[in-house]
Amino acid sequence: MGERGRPRHPDRLTPAEWRVVDAVRHGLTNREIARRRGTSPDAVKFHVGNAVRKLGLAGRAELRAWRGAPMDSALFARTREEAVVLGPIGQVSRTVADLGRAKAFYGDVLGLDHLYTFGDLAFFDCDGVRLFLTAGEPKGAESVLYFKVPDIHAAYDELRSRGVEFLGAPHLIHRHESGVEEWMAFFADPDGHPTAIMAQVSLE
C-alpha cells in the first residue's frame, strides 16, 4: 500500500509556500498577503509556519532575510558574480487611491504603454523603466516622476489638450557651463503626486 494524500513536493517548499515566502520577504503582513492572494490570514499563517519549520529558521524575521530560491528558478543555479555593479533603474513605484482612475490617467492621458495588471497592481512602460502602481494609502511623500520629452512646448500643448493641468508653463531650471539648458513643467497625477516633463536643450 502506498502512502495516502498529496505526494511530497520535490522542492524544499510547495509552490503556495514559496509565494507566501516571497510576499513575506517583500515586507507584507499576513493580512496584506491574504488580501492579495484571496485567502484567509490563517491560511497565510499556516504557510509561514510550515516554511519556517521546513527551513529550520527561528521565525518570521529570519524568513524575511532568508535568501533561498525555488529549484525551478533561474536564480537557483546561477553562480554568484564576483563584483556587484548596479545597473539602470528598472522600476519606480507609486501608491494610488483608485487604481482604475490612475490607469486611465497614466495610460490614456499620458500615453504610457500598459504592460499588465493583476489584482491591485498595474505596470506601465516608460521607455524601458517600469512604472509600478499599487492601490492603497500612501505611507509618505512620493518621489517626483520626471518624464523626458524631445520638445517640451509640444508636449506641454499636447498634454494640456488631453486635460492635464500644469502648475505653470515650461521654464528654465538651470543652464550648464556647456550651454545645455534644463527645462521643466510640473503637474500632478489624480492623487496629487508631483510629476513633470523635462527636456535638455542646446544651441547645437
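## Leu-133 and its neighbours

Let's start with Leu-133 in this predicted model. Skip the residues within four places of it in sequence, and Leu-133 is still in contact with Arg-94, Val-96, Leu-99, Ala-102, Tyr-106, Asp-120, Leu-121, Ala-122 and Phe-124.

Leu-133 is also part of something bigger: the largest nonpolar core, which has 26 residues. Together with Tyr-106, Leu-110 and Ile-197, Leu-133 touches the most other members of that core.

## Two nonpolar cores

Which elements give two or more residues to the largest core? They are helix H5 (99-109), strand E3 (121-126), strand E4 (129-135), strand E5 (145-148), helix H6 (152-161), strand E7 (181-188) and E8. H5 gives the largest share, with five residues. There's also a second, separate core of 17 residues, and Trp-18, Val-20, Val-21 and Trp-66 are among its members.

Here's a handy bit of background: in soluble globular proteins, nonpolar side chains tend to be buried together.

## Thr-195 in strand E8

Now look at strand E8, which covers residues 194-201 and holds Thr-195. Is Thr-195 buried or exposed? Its relative accessibility is 0%, so Thr-195 counts as buried.

The side chain of Thr-195 makes a polar contact with the side chain of Arg-94, at 3.0 Å. Leaving out neighbours within four places in sequence, Thr-195 is in contact with Arg-94, Val-144, Leu-145, Phe-147, Ala-185, Phe-186, Phe-187 and Asp-189. You may remember Arg-94 from the Leu-133 list, where Arg-94 is also a contact.

## Val-44 in helix H3

Over in helix H3, which spans residues 41-55, you'll find Val-44. Val-44 has a relative accessible area of 2%, so this residue is buried. With neighbours within four places in sequence set aside, Val-44 is in contact with Val-20, Asn-30, Ile-33, Ala-34 and Thr-39. Val-20 belongs to the second core.

How far apart are the C-alpha atoms of Val-44 and Val-21? They are separated by 9.6 Å, and the two residues are 23 residues apart along the chain.

## Two pockets

The largest pocket has a volume of about 640 Å³. Of the 24 residues lining this pocket, Leu-112, Cys-126, Tyr-146, Phe-147 and Lys-148 are the closest to its centre. Elements E3, E5, H6 and E8 each give two or more residues to this lining, and the largest share, four residues, comes from E5. Sorted by class, the lining of the largest pocket has 16 nonpolar, two polar and six charged residues.

The second largest pocket holds about 480 Å³ of space. It's lined by 20 residues, and Arg-36, Thr-95, Thr-134, Glu-137 and Lys-139 lie nearest its centre. Helix H2 (30-37), strand E1 (91-96) and E4 are the elements that give two or more residues to this lining. What classes do the lining residues of the second largest pocket fall into? They divide into five nonpolar, eight polar and seven charged.

## The whole chain

Time to zoom out. The protein chain has six helices and eight strands. Starting at the N terminus, the elements run α-α-α-α-β-α-β-β-β-β-α-β-β-β.

Of the 204 residues in the chain, 34% are buried; Thr-195 and Val-44 are two examples. As for contacts between residues at least 6 apart in sequence, 49% join residues at least 24 apart.

Technical notes
Residues are numbered from 1 along each chain as its sequence is written. This is a predicted model: local features need pLDDT of at least 70, side-chain atom pairs count only at pLDDT 80 or more; totals for chains, interfaces and linings use all residues. Side-chain values use heavy atoms; hydrogens and water are left out. Buried means under 20% relative accessible area, exposed over 50%, partly exposed in between (1.4 Å probe, protein chains only). A polar contact is a pair of N or O atoms within 3.5 Å; within protein, one must be able to donate a hydrogen and the other to accept it, and residues adjacent in sequence count only if both atoms are side-chain atoms. Contact means heavy atoms within 4.5 Å. A nonpolar core is a set of buried Ala, Val, Leu, Ile, Met, Phe, Trp, Tyr and Cys residues joined through side-chain atoms within 4.5 Å. On a 1 Å grid over the protein atoms alone, a cavity is a set of points where a 1.4 Å probe fits but cannot get out, and a pocket is an open set with protein on both sides within 12 Å along at least five of seven lines; lining residues have an atom within 4 Å of a point. Grid points are joined across faces, edges and corners, and a volume is the space filled by probe spheres set on the points. Ala, Val, Leu, Ile, Met, Phe, Trp, Tyr, Cys and Pro count as nonpolar, Asp, Glu, Lys and Arg as charged, and the others, Gly among them, as polar.
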